[in-house]
Amino acid sequence: TANDKQNAIKILTIHKSKGLQFKVVIVPFCTWSLVPKNNSILWLSPQVQPFSEMEHIPVGYSKALANTIFYEDYFNEKTQSYVDNLNLLYVAFTRAEKELYAMVPQPSRKQEQTIGALLEDTIKSLCANNNNEFGELQADCQENMVSFGNKGYITETVDTYSTQTELNIQAYPSSPIQNKLKIQYEAQGYFDSENDLSMTPRAYGNLMHRIFSSICTTTDVESSIERLVDEGLLEEKDKAFYLQKVEKSLNQPTVKEWFSEEWMLKTEAEFLLPKQKSQKASTRRPDRVMIKNNEVVVIDYKFGTLELPSYQKQMIAYIQGLQQMGYNNIKGYIWYVDTEKIVEITA
């Protein structure tokens, strides 16, 4: 980073600049929203039936909430957002000791509730009717620019910069980040009433793993699926389909015995393997481990039609890991649920 003796500019976020001060501060793009983004999730505690039966419920933020039972929460959130963003502006403007330059883009009609629109309205009011007093300073109102006080700090100090050798970067490649990174919500279609979710194979596999990981015995199927509906991971209209599918899968004779009450059960339980010579310590997490007397059965669920060699290698690693833990009578199975195929693996 540049020090105060170099002819350079430090670039910081407003949050990062808290507690710091600089002789001169430039605030480019001095505008941001005063209100939360639409569809931001608010976790509310409603007091009205039937919503009050749940301790907290997620609600998408929008101005439509002003006409609902959540109107108080809506206005509280909006007010708090105004206060937070005004505080952010205060932090930005109070970092400067000598000179402050704020560049405010011309707000459009869609940007009325922004810091930029607020600053523009304040400046217009200040400059109207020659009312250009601003405390002890006088406002110099010109077209598209308003200034207070006198410039001079930069020109007075320009000769005091260090003459030490500097590395000048001729180019700094960058690209917009908006289309590269985004938050992937686990239940991304939960608030979209018109959403017709067409699951990818990966999403389907993850969903089925969630269902089976919470099933200890065959009596847990319905509650496991119901839990996913409550969490927004499965739509109500799809519940019957998955209930029938899972119950059919568990009805296979071999599988039915796996999901009986005779076993001591570990689902999605991670175990740590010791360091081996040049290898680092590693972990394993099989889908289902069942223990009864001296017998251990390891199950790995697979969904879809693919049967890859890596699946067998993975199961062998599970078996070898359990052998290192002292278990000897171990049986490993890869269960291809959708094709109703069970493959026994030996290490």
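This is a short walk through one protein chain, in a predicted model.

Start with the overall counts. The chain has 347 residues, and 28% of them count as buried. Its secondary structure comes to 8 helices and 14 strands. Now the contacts. Take those between residues at least 6 apart in sequence: 58% of them join residues at least 24 apart.

First stop, helix α1. Its residues are 71-93. That makes 23 residues, and the helix reaches 33 Å from its first C-alpha to its last. The expected span, at 1.5 Å a residue, is also 33 Å.

Which residues of α1 are buried? Tyr74, Ser81, Asn85, Leu88, Leu89, Val91 and Ala92. Keep one general point in mind here. An α-helix has 3.6 residues a turn, so residues three or four places apart point the same way. As for what covers the buried residues of α1, the list includes β1, β4 at 96-102 and α2 at 115-127.

Pick out Ser81 from that set. Its relative accessible area is 10%, and buried means under 20%, so Ser81 is buried. Set aside its neighbours within four places in sequence. Ser81 is then in contact with Leu34, Val35 and Pro36.

Stay with β1 for a moment. Val24 sits in this strand, residues 22-27. Is Val24 buried, exposed or partly exposed? It is partly exposed, because its relative accessible area is 27%. Val24 also pairs up in space with a residue distant in sequence. Lys98 is 74 residues away along the chain, yet the two C-alpha atoms are 5.8 Å apart.

Next, helices α5 and α6. α5 covers residues 221-230, and α6 covers residues 239-249. Their axes come within 10 Å and cross at roughly 145 degrees. The crossing is right-handed. Who makes the contact? From α5, it is Val221, Glu222, Ile225, Glu226 and Val229. From α6, it is Lys239, Tyr242, Leu243, Val246 and Glu247. By class, that gives 6 nonpolar residues, 4 charged and no polar ones.

On to helix α8, residues 309-324. It has 16 residues and reaches 23 Å between its first and last C-alpha, close to the 22 Å expected. Its buried residues are Tyr311, Met315, Ala317, Tyr318, Ile319, Gly321 and Leu322. What covers them? Strands, among them β9 at 271-273, β10 at 282-284 and β12 at 295-302. The cover also includes β13 at 329-336 and β14 at 341-345. After α8 comes Gly326, with a positive phi near 105 degrees.

One residue of β10 deserves a closer look: Arg284. With a relative accessible area of 25%, Arg284 is partly exposed. Again leave out its neighbours within four places. Arg284 is in contact with Ala317 and Tyr318, and with Ala269, Glu270, Phe271 and Leu273. Those two, Ala317 and Tyr318, are among the buried residues of α8. Leu273 is 11 residues from Arg284 in sequence, and 7.6 Å away, C-alpha to C-alpha.

Now the backbone. Most residues other than glycine have a negative phi, and most peptide bonds are trans. Three places here go the other way.

- The peptide bond from Gln49 to Pro50 is cis, with omega near 0 degrees. Pro50 lies in the loop between β2 at 41-44 and β3 at 57-60.
- Glu268 has a positive phi, near 55 degrees. Its place is the loop between β8, residues 264-267, and β9. At 27% relative accessibility, Glu268 is partly exposed.
- Asn293 also has a positive phi, near 55 degrees. It is found in the loop between β11, residues 288-292, and β12. Asn293 counts as exposed, because its relative accessibility is 75% and the cut-off is over 50%.

Last, the cysteines. How many disulfides does the count give? It comes to 0. Cys30 is buried, at 0% relative accessibility. Cys216 is partly exposed, at 38%.

To close, two pictures to keep. α5 and α6 cross right-handed, with no polar residues in their contact. And α8 has its buried residues covered by elements that include β9 and β10, with Arg284 of β10 in contact with Ala317 and Tyr318.

Note on methods
Residues numbered from 1 in each chain as written. Predicted model: local features only at pLDDT ≥ 70, side-chain atom pairs only at ≥ 80, totals over all residues. Heavy atoms only, no water. Axes fitted to C-alpha atoms, helices over the stretch in contact; angles between N-to-C directions. Helix = DSSP H or I, 4+ residues; strand = E, 2+ residues; numbered from the N terminus. Left-handed = near helix turned anticlockwise from the far one by under 90°. Contact = heavy atoms within 4.5 Å. Nonpolar A, V, L, I, M, F, W, Y, C, P; charged D, E, K, R; others polar. Disulfide = S-S within 2.5 Å. Buried < 20%, exposed > 50% of the residue type's maximum accessible area, 1.4 Å probe, protein only. Expected span 1.5 Å × (residues − 1).
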